[in-house]
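Good morning, everyone, and thank you for making the time. I would like to take you slowly through one structure today, so please have the picture in front of you before I begin.

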Amino acid sequence: MDIDWGWIGDHTDTLTEHALLHLRLALLPVLFGLLISLPLGVLCRRWGWLYPPALTIANVLYAIPSLALFMIFIQYTGLTPSTVMIPLTLYSLSVLVPNVVDGLASVSEPVRQAATAMGFGPLRRLMRVELPIAVPVVMAGTRVAAVSSVSLVAVGQLIGQGGLGEDIIRGYQLQFQTQIVAATVLIILLALVTDTILVTVQRLLTPWARARGASS
Amino acid sequence: MITFEGVTKRYPGGTVALDDVSLECPTGRITVFVGTSGGGKTTALRTINRMVDPTSGRVLIDGRDVRERRPAELRRGIGYVIQHAGLFPHRTVLDNIATVPYLVGWNKKKARERALELMERVGLEPAMAKRYPFQLSGGQQQRVGVARALAADPPIMLMDEPFSAVDPVVRAELQDEFLRLQDELHKTIVFVTHDIDEAIKLGDRIAVFRTGGRLVQIDSPEDLLARPADDFVAGFIGRDRGIRRLSFVPASSAPLTDRDVLPADTPVERVTAVGWILVVDAGRRPLGWVSADALPASGALGDARLAPVGPTFDAETDSVRAALDAAILSPSGRAVAVDGSGQVVGVADQHDLTAAIRPAAPLAKDGVSG
Amino acid sequence: MNDLWNQIDLCWTWLTASSQWHGADGIPHRLLQHAYYSGVSLLFAAVIGLTLGLLIGHTGRGGFLAITLANFARAIPTFGLILFVVVIEYSITPVLVALVALAVPPILVNTFEGVRGVDADVKDAARGMGMTGLGVLWHAELPMALPLILLGLRTSAIQVVATATIAAYPGFGGLGRYIIDGLARNDYQLVVGGTVLVVLLALVVQLVFAALRRVVISPGLLGSARSS
């Protein structure tokens, strides 16, 4: 493996630019996913019959290859960032909705009843008691979604929207290892940094519990 | 016989779970380890099947150090029952019970036959054989746990709080059946509990442990109640240990009288007694109490309105505690003694009964153990 | 809506055209290729993930390290990895290695969590009845961890089936061939046809695992209302 360090030095600007674009393409969908999955999860929890079909849809979505999903959306959104971000949002949903439901289910019945007995209304109980207790499970899902999203964006380059994926494909076409390695390593770093930040956020959000490793 | 010789268990970090414990668990008897949590009673139990190896000292089974034997092989010869049963959720009741027979290489048919036989022994319907643990109540799970421990017919059984997780009614039922089973099987049993009542009910010998893994006293239940070794034991046994102790004083020594026991066909005019009269039928079975003041002017005793007999006690087998209980609950303040067939032998009041306590064994003062 | 119907119609025409069912570029050959890549990768990943997961879960040692490594592996972009290894050596083996790397983490993590999550009382009872370490693993830990293990295997299988499409980019066939070619030629019918085939394969995987779940997992574990 020959790494051309000089090339990396000469291209820090483009790499940085691609990295920032990459992050935006990867993390905005997770944010949207979180915003949608929270109310969706609450609804699934409230009306139990909603959950099995929602789970099936999530499983099917998860099974569609990212490349294929990008292709399908080209018809509707063309070669734009949305074509990458909408599928990634859907992937996030497929991970997050089950986690939100599981997280809410992890609130023990005595705690729920105690909250009701102390006079919490349904909404207040949700915001002050149930959601905070669900945070660890939801965050575990968010971490999985964010890390996979960061690594999936690269595939988007096949339709011209891939952030660092551009360097991977360019490197492949030119048979230039350095560019592929640099982009791949940067993607890994972005994923790990994102994960670390999420763990920190979780610790801040749940001072009463020590963060545990995510499980899929 | 299981023998502890100066057994000490010290964990890295300095916690002492067992502190120089020496004791003997006689063959064919129930030895109960009782004590506060953190007292080391479970650790002591677990040194017997080498789930824990002591830091120093020895545990011997029939004179042979358990450490001479490979743990897995040793354990297959020792029944083991724990608090939440620890049943395999993925196996049926039948296969749970047959676990050890399978392990030691019985064929499937023989192992299952044995398991079915044991289900009956511990009071489980054969229909439950194909069920899974999650379909059983807590009490049923414990029965399966006991059956599983008995499956390979081990001479020794270790039971770690086996009945603690079930409700009091079921617990009493399980305890009674456990005693009945032991009457048939005569296993050498070591039984851990934090419940002193359970210890007194089940134990032939009781070993009291206190925090720091120290064995404070080992005695028969009677002697433990009569002569607690120190304030810790006295406190642990509880304030009503005097009353509890009466469970071990036989009622047979109580003076009984049948002066006021009269058949139902006795004409009222011939009754000379004052106070309460126990009316019995022709077979001398108790019918009820009647006060002499409340007798009708004429007719037979049986025509009078009778107060219920209340609990009776067996003059041969019951304890003074049962007799006193019967006296307190009786409308007349007197306890009705019956024989094995239910015929009235006589009656005794509370004074007669307390009199019976004294010659049996003086209630010793606190402080010194025998 | 009309648009969607048109797509379905196009897709159906493509799938049922007889020319699609013969030769090296025909559906059966591509499907077999795809299934072969996915199957081999999953097999190796299962051997690695199960062995390590059982070992770590049973001994309780190295759990933190394993989870950290698995999370790290999740962060590796398979796309970059595949193109990189192909630049170094143009053959299918490195592609399969990349797919294995993708598939190991879910299996490893779920196996580890499954074994670690086995009720301490059950393990205590198993040891107390005289099972050896291996006996406890085989008779108690493994069967009780199976629901989670199957879940991990399923996740990996689906990811592998979906990601194996990338193998077509450097020219190794499989169902991704249709998607990549369709994109290059602006042949939308081809893209959708390929996509549908991959999704169908993934659904078959789901069905296989649903069936496995019924066959392999004791009703005693499913009855106690564990979520899937």
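Before I count anything, I should say what I will call a helix or a strand: helices are DSSP runs of at least four residues and strands are runs of at least two, and both are numbered from the N terminus. Please also keep in mind that what you are looking at is a predicted model.

Let me start with chain C. With that definition in hand, chain C comes to ten helices and zero strands, and if you read along its sequence you meet the pattern α-α-α-α-α-α-α-α-α-α. Its C-alpha atoms fill a box of roughly 65 × 45 × 30 Å, taken along the principal axes. Of the 228 residues in chain C, 52% are buried, and when we take the contacts in this chain with a separation of 6 or more, 71% of them join residues that are 24 or more positions apart.

Now, how do the chains meet? Two pairs of chains are in contact, and among these it is chains A and C that share the most contacts. Chain A and chain B, by contrast, do not touch, and their nearest C-alpha atoms are 20 Å apart.

Let me look at the contact between A and C first. Here 33 residues come from chain C and 34 residues from chain A. On the chain C side, at least two residues each are supplied by several helices, among them H3 (63–75), H5 (92–116), H7 (133–163) and H9 (188–216). If we sort the residues on that side of chain C by class, we find 21 nonpolar, ten polar and two charged.

The other contact brings 21 residues of chain B together with 19 residues of chain C. On the chain B side, helix H2 (71–76) and helix H4 (99–103) each supply at least two residues, and H2(B) gives the most, with four residues. The classes on this side of chain B are eleven nonpolar, six polar and four charged residues.

I would now like to pick out one helix of chain C, namely H8(C). Why do we describe H8(C) as largely enclosed by the rest of the structure? We do so because seven of its ten residues are buried. Those buried residues are C:Gly176, C:Arg177, C:Tyr178, C:Ile179, C:Ile180, C:Gly182 and C:Leu183. What covers them includes helix H4 (66–77) of chain A, together with helix H2 (27–59) and H9 of chain C. Just after H8(C), you will find C:Asn186, which takes a positive phi of about 60°.

Let us move to chain A and to a single residue, A:Leu93, which sits in helix H5 (residues 81–105) of that chain. Is A:Leu93 buried or exposed? It counts as buried because it has 26 C-beta neighbours inside 10 Å, and the cut-off for being buried is 20 or more. Leaving aside neighbours within four places in sequence, A:Leu93 is in contact with A:Gly33, A:Ile36, A:Ser37 and A:Ala58. A:Leu93 and A:Ala145 are 52 residues apart in sequence, yet their C-alpha atoms are 8.5 Å apart in space.

For another case, turn to B:Gln83, which lies in the loop between strand E6 (78–81) and helix H3 (93–97) of chain B. B:Gln83 is partly exposed, with 19 other C-beta atoms within 10 Å. B:Gln83 and B:Arg29 are 54 residues apart in sequence, and from C-alpha to C-alpha they are 21 Å apart in space.

Finally, let me stay in chain B for strand E12 (residues 276–280), where five of the five residues are buried, so the strand is largely enclosed by the rest of the structure. Both of its faces are covered, with B:Trp276, B:Leu278 and B:Val280 buried on one side and B:Ile277 and B:Val279 buried on the other. Which strands does E12(B) pair with? It pairs with strand E11 (residues 261–263) in the parallel sense over three bridges, and with strand E13 (residues 286–291) in the antiparallel sense over five bridges. You can follow both pairings from B:Leu278, which stands opposite B:Val261 and also opposite B:Trp289 in E13(B). E12(B) and E13(B) form a hairpin with five residues between them, and B:Arg284 in the turn has a positive phi of about 60°.

Methods:
Residues numbered from 1 in each chain as written. Chains lettered and ligands numbered in written order. Predicted model: local features only at pLDDT ≥ 70, side-chain atom pairs only at ≥ 80, totals over all residues. Contact = placed C-beta atoms within 7 Å. Nonpolar A, V, L, I, M, F, W, Y, C, P; charged D, E, K, R; others polar. Buried ≥ 20, exposed ≤ 12 C-beta atoms within 10 Å, placed from the backbone. Pairing = 2+ DSSP bridges.
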